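Trainee: Before relying on this complex, I would like to go through its geometry and its confidence values with you, one question at a time.

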Amino acid sequence: MSNSSHYTLPRLSFRFIPIWRRHFLVWKKVAATSILGHLADPIIYLLGLGYGLGSLLPEMEGTSYLLFLAGGTVCYSTMNSASFEALYSGFARMHEQRTWDAILNTPVTLDDVVLAEILWAASKSLMAGTAVLLVIWLLGLAHTWLSLWAIPLALLVGLCFASLGLIMTALAPSYDFFMYYFTLVITPMMLLCGVFFPVAQLPDMLQAASAALPLSHAVDIARPLLNGGLPSHAFLHVAVLLGYTLAGFYVSLVLFRRRLAQ
Amino acid sequence: MTHTDLLPPCNARASHQMNTVISAQNLRKSYAGQEVVSGIRIAIAKGECFGLLGPNGAGKTTTLRLLLGLTAPDSGEVGLLGQEVPRHAREARLRVGVVPQMDNLDPDFSVAENLLVYGRYFGMEDDAIEARIPGLLEFANLAHKRDAKIPTLSGGMKRRLTLARALVNDPEIIFLDEPTTGLDPQARHLIWQRLRELAAQGKTLLLTTHFMDEAERLCHRLAIMDQGRIISEGSPRALIAQHIEPQVVEVFGEGAGKWAWEHAAHYAQRFEVSGETAFCYVGEAGPLLAHLHGQSALRYLHRPANLEDVFLKLTGREMRE
């Protein structure tokens with residue numbers, strides 16, 4: 001059944017705020033565990049890979065491997081955080097708990113609900129990114145105020161991967177479906193986008209693919225900032241991430257309308 | 001043995017338009033080429049308790065969703081509290097409460113938190129919601145469960161909390177989709193009592209149900225739906241008088257079917273055999289009862305006609321789905 005009203009642009013309102021607050025209130029009940037997770041994840045990666053692998057490696061792009069890895073980890077961690085929230089938690093709220101149904105009976109629209117999901121998942125990314133940055137400082141890896149830019153970057157990466165992830169949530173018949181996304185999208189993203197090694201190491205074809213992926217653009221912003229430099233083409237990278245965000249928001253919203261506004 | 005009546009013209013209520021708070025004209029909705037709602041027309045006045053009855057799959061829930069503006073009709077018009085729906089559904093829903101068919105309380109929150117968070121969706125200030133919570137909990141008999149987690153509540157408590165949640169914004173209209181399905185008789189009676197209190201306060205109630213006693217006790221007016229259409233409409237009493245002979249004698253036991261085919265037509269204006277029971281519809285039960293008195297193999301029950309008889313006559317006895 002096609003319905004032209006499913007394709008109208010998002011109509012936004014401030015009604016997303018109470019929904020965001022609802023998600024925050026749920027999170028507050030498990031805040032301690034959640035924050036520990038946000039901190040433990042980067043510590044394990046940075047210490048394990050950074051010291052383990054780093055001791056075997058020469059300097060990479062002019063810095064220690066540990067610092068090289070730190071720039072990738074900020075982005076990777078924020079991507080993961082938003083993706084898990086948008087897929088698993090989002091699906092639970094939409095399908096299993098029927099939280100969305102309850103909300104939609106009030107003067108709130110599906111557009112507000114989807115916007116709140118994206119902003120909440122991005123908020124989780126903001127927490128994850130800030131936690132990674134904290135670990136980076138505590139390990140004494142970054143010595144520059146420029147590294148603070150990683151915080152708004154985490155929010156942007158969160159918005160981007162929340163929007164893309166919600167497309168899967170809108171299509172998912174069950175939780176099992178998300179395996180495809182993690183195996184076919186998130187894992188390649190992690191390996192192709194310069195998180196663990198420079199993209200220049202890849203064959204030309206894969207480099208071209210990497211340039212199209214949003215995580216590459218995030219890494220290209222984060223790494224120079226942690227190193228005390230300004231990223232080149234920052235405007236382009238931000239524009240790509242914003243482009244993915246807006247496209248993901250629109251496509252997921254259309255799919256949610258088709259799924260739910262029946 | 002059934003037939004469907006055409007909906008009688010309902011011009012009678014046109015003069016009450018001032019008071020109409022829910023209206024629908026020629027409402028149609030199809031899914032995947034299958035028409036689920038086929039030209040429905042409804043007008044519900046302020047303060048009315050209106051029931052939508054129908055077997056599973058009759059289109060009741062879809063009708064509610066259309067009236068609330070949660071889905072757009074293929075054609076037709078909906079008015080809710082003076083607003084055009086779905087275009088201005090948001091404004092209309094500010095003054096509406098909804099009790100959904102399936103419980104969707106927030107499992108992570110306490111009873112009171114569920115009310116607080118829900119009130120915020122209506123744009124209410126926390127202070128205003130907090131001020132309403134004690135009264136709502138009282139109404140739902142849940143004052144002692146204020147801080148309980150949702151998974152620890154019984155089915156009846158969850159339903160009552162869902163009703164309280166629907167009242168958080170002090171709505172003028174309350175939509176209830178099968179409000180007592182799955183509840184035990186005690187829980188059901190408590191919900192009925194609360195719904196009558198709401199009706200007495202002047203709230204407009206629109207409920208769907210397939211419990212005939214529920215509809216008969218609560219509703220001022222009913223519409224019986226089948227296959228996406230309203231096939232009859234009126235007060236419970238008027239519907240019974242319009243469609244059914246005043247007395248029913250149910251004859252059951254081994255051989256009831258055989259007895260019915262041989263004798264029932266002689267004593268009853270109309271009869272139906274369903275399984276081992278024969279339903280005899282009569283104006284005057286005396287001769288039939290005298291006859292049955294002599295039939296030692298048969299047992300029988302003599303009762304006034306009720307809404308279930310109307311419902312089964314109009315929608316048939318065969319299983320749905």
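**Domains, interface and a long helix segment by segment**

Mentor: In this predicted model, the centres of domain 1 of chain B and domain 2 of chain B, taken over C-alpha atoms, are separated by 35 Å.

Trainee: Which residues make up domain 1 and domain 2 of chain B?

Mentor: Chain B is divided into two assigned parts, of which domain 2 covers residues 245-304. Domain 1 is given as several segments of the chain, and these are 1-95 + 176-183 + 216-243.

Trainee: Along its principal axes, what does the C-alpha trace of chain B span?

Mentor: The secondary structure of chain B comes to 11 helices and 14 strands, and of its 321 residues 43% count as buried. Among the contacts in chain B with a separation of 6 or more, 68% are between residues 24 or more positions apart. The C-alpha trace that carries these elements spans, along its principal axes, about 70 × 45 × 40 Å.

Trainee: Over which residues of chain B is the pLDDT below 50?

Mentor: The mean pLDDT of chain B is 90, and 93% of its residues reach 70 or more. There is nevertheless a stretch with a pLDDT below 50, which has 16 contacts in the model beyond near neighbours in sequence, and that stretch is residues 1-16.

Trainee: What ipTM does the predictor give the complex?

Mentor: For the complex, the predictor gives two values, one of them a pTM of 0.91. The other value, the ipTM, is 0.93.

Trainee: Which element of chain B gives the most to the side that touches chain A?

Mentor: In the interface, 20 residues of chain B are in contact with 23 residues of chain A. The elements of chain B that give two or more residues to this side are helix 2 (89-93) and helix 3 (111-121). By class, the side of chain B that touches chain A has 13 nonpolar, two polar and five charged residues. The element that gives the most, with three residues, is helix 3 of chain B.

Trainee: On which residue is the kink in helix 3 of chain A centred?

Mentor: Helix 3 of chain A, residues 65-96, has 32 residues and reaches 43 Å from its first C-alpha to its last, close to the 46 Å expected at 1.5 Å a residue. Because 25 of those 32 residues are buried, helix 3 of chain A is largely enclosed by the rest of the structure. The helix is followed by A:Arg98, whose phi is positive, near 55 degrees. The kink, of about 30 degrees, is centred on A:Gly90.

Definitions and conventions:
Residues are numbered from 1 along each chain as its sequence is written. Chains are lettered from A and ligands numbered from 1 in the order in which they are written. This is a predicted model: local features need pLDDT of at least 70, side-chain atom pairs count only at pLDDT 80 or more; totals for chains, interfaces and linings use all residues. Two residues are in contact if their C-beta atoms, placed from the backbone, lie within 7 Å. Helices (H or I, at least four residues) and strands (E, at least two) are DSSP runs, numbered from the N terminus. Ala, Val, Leu, Ile, Met, Phe, Trp, Tyr, Cys and Pro count as nonpolar, Asp, Glu, Lys and Arg as charged, and the others, Gly among them, as polar. The expected span of a helix is 1.5 Å times one less than its number of residues. The bend at a residue is the angle between axes fitted to the seven residues ending there and the seven starting there. A residue is buried if 20 or more other C-beta atoms lie within 10 Å of its own, exposed if 12 or fewer, and partly exposed in between; C-beta atoms are placed from the backbone. Domain bounds come from an automatic or database domain assignment. pLDDT is the predictor's confidence in each residue, from 0 to 100.
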